[in-house]
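Me: Could you take a close look at a single strand in this model and then show me how the rest of the chain is arranged around that part? I would enjoy one connected walk-through.

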Amino acid sequence: MGTVIEYRRVSDEESMISRLLVYFKVLQKMMEPMSVSKELADGLLACKENRRSMKLEQIFNTVLDKYPDGVTIKDIDVMFNPAYKVDVLKILIAARKRKRYSVIWPGRFEDGKLIYGEEGYLDYKVYNIADYDITCVR
C-alpha cells in the first residue's frame, strides 16, 4: 500500500487527500513545519502514567486540531516512548482521516522501511511502508 515518491512529484496533494504524506528531515528546510513536541508532552504529563498509552491518540488529535488544514508537523518523538506500546504510524494515519496534514519523519528511510531510533534501544521501531496507507516523500 505505501509508496515512495520524489518531492517534485508532490504538486497536487489534493489527489492524495486520504493518504498521510511522510516527509524526511532533509525536506524540513523546504517548508515551515510546526513542532508539536511540547504540546504532546504537556498533554501526556497531565495524564496518569498508566493511562498515557490509551490517551496518546486523543492527545495527538487535540494538538493537531489547533493547527490549520494542510499543516506539516515535526518533533513527534515523544509518541515513540516504548512504555506506550502503540503503533505510532497507525495513530498518524487515523488522524489524517480527520484532518489534512503531513509529518516530518524523525527517523530514516531504508529499503522500503521507515525506521525510528537505533537498533538495540527500546524505542527502536521499523515500519514496512507496504503495510500502511502512506506516501513517503524524499
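Reply: Happy to. Strand S5 is largely enclosed by the rest of the structure, because 5 of its 5 residues are buried. This is a predicted model, so please read each value as computed from predicted coordinates.

Which way do the side chains of S5 point? Tyr-101, Val-103 and Trp-105 point one way from the strand, Ser-102 and Ile-104 point the other way, and all are buried. That fits a general pattern: in a regular strand the side chains alternate between the two faces of the sheet.

Next, the neighbours in the sheet. S2 runs parallel to S5, and 4 bridges join the two. Within this pairing, Tyr-23 has Ile-104 of S5 as its bridge partner. S4 also runs parallel to S5, joined to it by 3 bridges. Here Val-71 stands opposite Tyr-101 in S5.

S5 also leads us into the largest nonpolar core, which has 36 residues. Those that touch the most other members are Phe-60, Leu-89, Leu-92, Tyr-101, Trp-105, Leu-114 and Ile-134. At least two residues of this core come from each of strand S2 (20–24), helix H1 (37–45), helix H2 (52–65), strand S4 (71–74), helix H3 (88–98), strand S5 (101–105), strand S7 (113–116) and strand S9 (134–137). H3 gives the largest share, with 6 residues.

Stepping back to the whole chain, there are 3 helices and 9 strands. Read from the N terminus, the order of elements is β-β-β-α-α-β-α-β-β-β-β-β. Of the 138 residues in the chain, 43% are buried.

Two cysteines are worth a glance. Cys-136 counts as buried because its relative accessibility is 0%, and Cys-47 is buried too, with a relative accessible area of 17%. A search of the whole structure finds 0 disulfides.

Now for some loops. Lys-85 sits in the loop between S4 and H3. Its relative accessibility is 73%, so Lys-85 counts as exposed. Lys-85 also has a positive phi of about 50°, although it is not a glycine. Asp-111, in the loop between strand S6 (108–110) and S7, likewise has a positive phi, near 50°, and is a residue other than glycine. Asp-111 counts as exposed because its relative accessibility is 75%. For context, most residues other than glycine have a negative phi.

Lys-85 turns up again in the lining of the largest cavity. How many cavities of 30 Å³ or more does the structure hold? It holds 1, and about 40 Å³ of space lies in the largest cavity. Its lining is made up of Met-79, Phe-80, Asn-81, Pro-82, Lys-85, Val-86, Val-88 and Lys-125. By class, that lining has 5 nonpolar, 1 polar and 2 charged residues.

One last loop brings us back to S4, a partner of S5. Glu-32 lies in the loop between S2 and strand S3 (34–35), and Glu-32 counts as exposed because its relative accessibility is 75%. Glu-32 and Lys-74 are 42 residues apart in sequence, while their C-alpha atoms are 9.5 Å apart in space.

How values were computed. Residues numbered from 1 in each chain as written. Predicted model: local features only at pLDDT ≥ 70, side-chain atom pairs only at ≥ 80, totals over all residues. Heavy atoms only, no water. Disulfide = S-S within 2.5 Å. Buried < 20%, exposed > 50% of the residue type's maximum accessible area, 1.4 Å probe, protein only. Core = buried A, V, L, I, M, F, W, Y, C linked by side-chain atoms within 4.5 Å. 1 Å grid on protein atoms, 1.4 Å probe; cavity = no way out; pocket = protein on both sides within 12 Å on 5 of 7 lines; lining within 4 Å. Points joined across faces, edges and corners; volume = space filled by probe spheres on them. Nonpolar A, V, L, I, M, F, W, Y, C, P; charged D, E, K, R; others polar. Pairing = 2+ DSSP bridges.
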